[in-house]
Amino acid sequence: MTQITFVIPAAGASRRMGDRDKLLEPVDGVALLRGVAARALAVSNDVIVTLPSDSHIRAEVLEGLAVRQIPVPDAADGMSASLRHATAAVPDNAEGVLVLPADMPDLTEDDLRQVIQAFEDASGEFLVQATGADGTPGHPVIFPADLMSEFKLLTGDAGARTILKANRNRLIRIALPGEHALTDLDTPDAWFLWRANNPDR
């Protein structure tokens, strides 16, 4: 099986949520961050979660999960800081890195496996990006190992978009069901609407 390292950036400040932490919101009976990490572990044996610090409350909800927690002291620099720190810890035997946002509750284990299968089918030479059922680009995204050095150069809060853009000739997109690849919950309004549409979760 292809060795894929998962990176879950969870060092952001969740500023758009006011006094609530979106990653601690309960989904399926557990904190959102724990649920996302558990699904990642069901698919990969190497999962990295970035955190604001070792002592942050988000670390508590990961207790008992075999994830590698990496503190990001410069998290204020934006998403790029998480990606720089996390990819620096990717093992040499990893054939790809899957970036999985921590605030996407609708992504399932099957979704993650489908994206990995597309990467394997392309011999690990291409980037693979999940889309909504309508083709709208979303997450997660797998980056081949040969692009890891480019993460060192990332700045700001745009994530790895510059790497995607620079390598669009190597990009494969794969549609996931519904809006699984698109639903991210980072405001109280988004949470309210999602809960209204998902009363059992």
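**Exercise 1. The largest pocket**

Find which helices and strands each supply at least two residues of the lining of the largest pocket, and which of these gives the most.

*Solution.* Step 1: the elements that each supply at least two lining residues are H3, S8 and helix H5 (161-166). Helices (H or I, at least four residues) and strands (E, at least two) are DSSP runs, numbered from the N terminus. Here a pocket is an open set of points on a 1 Å grid over the protein atoms alone, where a 1.4 Å probe fits, with protein on both sides within 12 Å along at least five of seven lines; lining residues have an atom within 4 Å of a point.

Step 2: S8 gives the most to this lining, with five residues.

Step 3: the volume of the largest pocket is about 1,100 Å³, counted as the space filled by probe spheres set on the points, which are joined across faces, edges and corners. It has 39 lining residues, and Lys-22, Met-79, Asp-103, Asp-157 and Asp-186 are the closest to its centre.

A word on the model before going on: it is predicted, so local features need pLDDT of at least 70 and side-chain atom pairs count only at pLDDT 80 or more, while totals for chains, interfaces and linings use all residues. Residues are numbered from 1 along each chain as its sequence is written, and side-chain values use heavy atoms, leaving out hydrogens and water.

**Exercise 2. Strand S7 and its partners**

Work out how many residues of S7 are buried, and which strands are joined to S7 by bridges.

*Solution.* Step 1: five of the five residues in S7 (residues 127-131) are buried, meaning under 20% relative accessible area (exposed is over 50%, partly exposed in between; 1.4 Å probe, protein chains only). Leu-127, Gln-129 and Thr-131 point one way, while Val-128 and Ala-130 point the other way.

Step 2: look at S9 (residues 171-175), which runs parallel to S7 and is joined to it by five bridges. Two strands pair if DSSP finds at least two bridges between them. Thr-131 has Ala-175 as its bridge partner in S9.

Step 3: turn to S8 (residues 137-144), which is antiparallel to S7, with three bridges. Val-128 stands opposite Ile-142 there. S7 and S8 make a hairpin with five residues between them, and Gly-135 in the turn has a positive phi of about 95°.

Step 4: continue from S8 to S6 (residues 96-99), an antiparallel neighbour joined to S8 by four bridges. Gly-96 of this pairing faces Pro-144 in S8. Six of the eight residues of S8 are buried.

**Exercise 3. Ala-86 in helix H3**

Decide whether Ala-86 is buried or exposed, and list which residues Ala-86 touches.

*Solution.* Step 1: Ala-86 is found in helix H3. Its relative accessibility is 0%, so Ala-86 counts as buried.

Step 2: not counting residues up to four places away in sequence, Ala-86 touches Val-7, Ile-48, Thr-50 and Ile-70; contact means heavy atoms within 4.5 Å. The C-alpha atoms of Ala-86 and Thr-50 are separated by 6.7 Å, although these residues lie 36 residues apart along the chain.

Step 3: widen the view to H3 (residues 79-88), whose buried residues include Ser-80, Leu-83 and Thr-87. Among the elements covering them are strand S1 (4-9) and strand S4 (47-51).

**Exercise 4. Aromatic pairs**

Find how many aromatic pairs the structure holds, and classify each one.

*Solution.* Step 1: there are two aromatic pairs. Rings of Phe, Tyr and Trp (its six-membered ring) pair if their centres lie within 6.5 Å; planes under 30 degrees apart count as stacked, over 60 as edge-to-face and the rest as tilted.

Step 2: the ring centres of Phe-143 and Phe-151 are 5.1 Å apart with planes at 90°, so this pair is edge-to-face. Phe-143 is buried at 2% relative accessibility, and Phe-151 is buried at 0%.

Step 3: Trp-191 and Trp-194 form an edge-to-face pair, with 6.0 Å from centre to centre and 80° between the planes. Because they are three residues apart in helix H6 (residues 188-197), Trp-191 and Trp-194 are separated by about one helical turn. Both are buried.
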